[in-house]
Amino acid sequence: MYKIVSIPGDGIGPEVVAGAVAVLKQLSKKHGFEIVIEEHPFGGASYDLHGEMLTDATLEACKNCDAVLLGAVGGPKWESLPHDHKPEAALLKIRKELGLFANLRPAKVYDALLGASSLKPEVVRGTDFLVFRELTGGIYFGQPRGFDENKGWNTMVYERFEVERIARLAFEEARKRDKKVISIDKANVLEVSQFWRNVVHEVHKDFADVELSDMYVDNAAMQIVRNPKQFDVIVTSNLFGDILSDIAGMITGSLGMLPSASIGKSHALYEPIHGSAPDIAGQNKANPIATIASVAMMFDYSFSLPDIAREIYQAIEATLASGLRTADIANPGEIAVSTTVMTEAIVRHLGA
Ligand code: IPM
Ligand code: MG
């Protein structure tokens with residue numbers, strides 16, 4: 001039995017999460033395992049109900065399940081709230097409280113969508129790499145922080161254990177892939193990066209079969225756009241990973257395709273990379289694939305059922321191969337299908 005907490009959130013969140021839930025139900029029927037899905041409010045939806053973006057009840061539920069499935073949070077309605085009441089603050093809190101120190105963001109180019117990338121097909125074809133972004137430390141959480149009338153300040157700090165555990169995960173994952181890790185930092189300028197680099201190299205001693213190299217973050221931004229195929233596993237700090245994973249995501253054509261997993265010692269949360277897209281919310285237009293692929297990552301990382309993850313990816317690929325496109329990935333002149341039509345097609349391809 002798998003207990004999943006679903007937090008649809010705001011904007012298109014509920015629509016794409018409904019797609020993922022349909023896939024979960026189909027898998028449960030097909031394979032005969034029991035899945036219990038418990039829904040909780042989060043973000044603006046929670047604020048409107050309870051005056052809080054993240055209630056203790058939602059947080060407790062997330063701590064007492066096998067995996068969390070998140071849609072998206074935020075929207076113009078809540079943007080003018082004070083800094084520490086914004087949806088972003090709730091997102092950081094849930095990551096910290098659940099100890100989700102590793103954020104995995106794959107950048108995989110689907111052949112069927114080569115035309116959707118802003119880069120030339122020959123540059124992106126075959127791109128398949130995985131970003132390990134440190135998620136509960138670095139400048140996002142460092143103290144002191146603040147601003148007054150005359151200055152603003154943040155602190156980028158990494159403790160040894162924080163670098164060690166993410167580096168270890170990245171090397172372990174690389175072993176299952178092409179055995180190549182690139183650690184990205186700014187060690188030519190920042191002491192914290194020099195420290196990061198030292199620790200990653202120490203951890204590497206336990207993974208001699210994996211190739212390790214270092215790259216400065218500015219160069220990495222360029223290399224991802226110049227030749228994305230050179231990457232297999234990237235490991236980097238919180239802020240650099242935030243920026244690089246958006247670049248990586250975009251070269252694949254649409255953020256609407258990309259899943260993510262945030263993993264800790266005892267909890268895990270899965271969500272699409274895209275945001276709440278308030279402009280198309282409630283119109284049955286959003287692409288559910290990123291959220292459905294996040295369920296695939298859930299089977300991989302939380303349930304250790306890679307065969308089922310593969311089934312999901314195959315159903316997505318078969319659906320794309322059949323020509324169905326939501327608006328974000330449709331070519332000019334192509335007729336786009338709705339969220340629900342895309343979902344139903346993927347469910348059908350999963351089979352019974
Ligand atoms: C992300 C987002 C968040 C982040 C924001 C919304 C707080 O950009 O998940 O990448 O910066 O981590
Ligand atoms: Mg981001």
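A pocket is taken here as an open set of grid points with protein on both sides within 12 Å along at least five of seven lines, and its lining residues are those with an atom within 4 Å of a point. The model examined is a predicted one.

With that in hand, the second largest pocket makes a good place to start. A total of 22 residues line this pocket, and those nearest its centre are Lys108, Asp128, Arg177, Asp300 and Tyr313. Its volume comes to about 570 Å³. Helix 11 (306–321) is among the elements that supply at least two lining residues, together with strand 4 (102–108), strand 5 (128–134) and helix 10 (289–301). Of these, helix 11 provides the largest share, with six residues. The lining of the second largest pocket comprises 13 nonpolar residues, eight charged residues and one polar residue. Both domain 1 (1–101 + 264–352) and domain 2 (110–253) are represented, each with at least three residues in this lining.

The largest pocket, for its part, has a volume of about 970 Å³. Its lining is made up of 39 residues, and the closest to the centre are Pro87, Glu88, Ala89, Leu91 and Leu92. Helix 4 makes the biggest contribution to this lining, namely seven residues. At least two lining residues come from each of strand 3 (67–72), helix 4 (87–98), strand 6 (146–147), strand 7 (152–153), helix 9 (238–251) and strand 12 (268–272). Sorted by class, the lining of the largest pocket holds 16 nonpolar, twelve charged and eleven polar residues. Because domain 1 (1–101 + 264–352) and domain 2 (110–253) both contribute residues to the lining, the largest pocket lies between the two domains.

Attention can now turn to enclosed space. Rolling a probe the size of a water molecule over the atoms reveals where empty space remains. One cavity of 30 Å³ or more was found in the model, and the largest cavity encloses about 40 Å³. Its lining consists of Met156, Tyr158, Ile184, Asp185, Val192, Ser193, Trp196, Thr236, Ser237 and Phe240. Strand 8 (180–185) and helix 7 (191–204) are the elements that give two or more residues to this lining, and helix 7 has the largest share, with three. In terms of class, the lining of the largest cavity has six nonpolar residues, three polar residues and one charged residue.

Methods. Residues numbered from 1 in each chain as written. Chains lettered and ligands numbered in written order. Predicted model: local features only at pLDDT ≥ 70, side-chain atom pairs only at ≥ 80, totals over all residues. Heavy atoms only, no water. 1 Å grid on protein atoms, 1.4 Å probe; cavity = no way out; pocket = protein on both sides within 12 Å on 5 of 7 lines; lining within 4 Å. Points joined across faces, edges and corners; volume = space filled by probe spheres on them. Helix = DSSP H or I, 4+ residues; strand = E, 2+ residues; numbered from the N terminus. Nonpolar A, V, L, I, M, F, W, Y, C, P; charged D, E, K, R; others polar. Domains from an automatic or database assignment.
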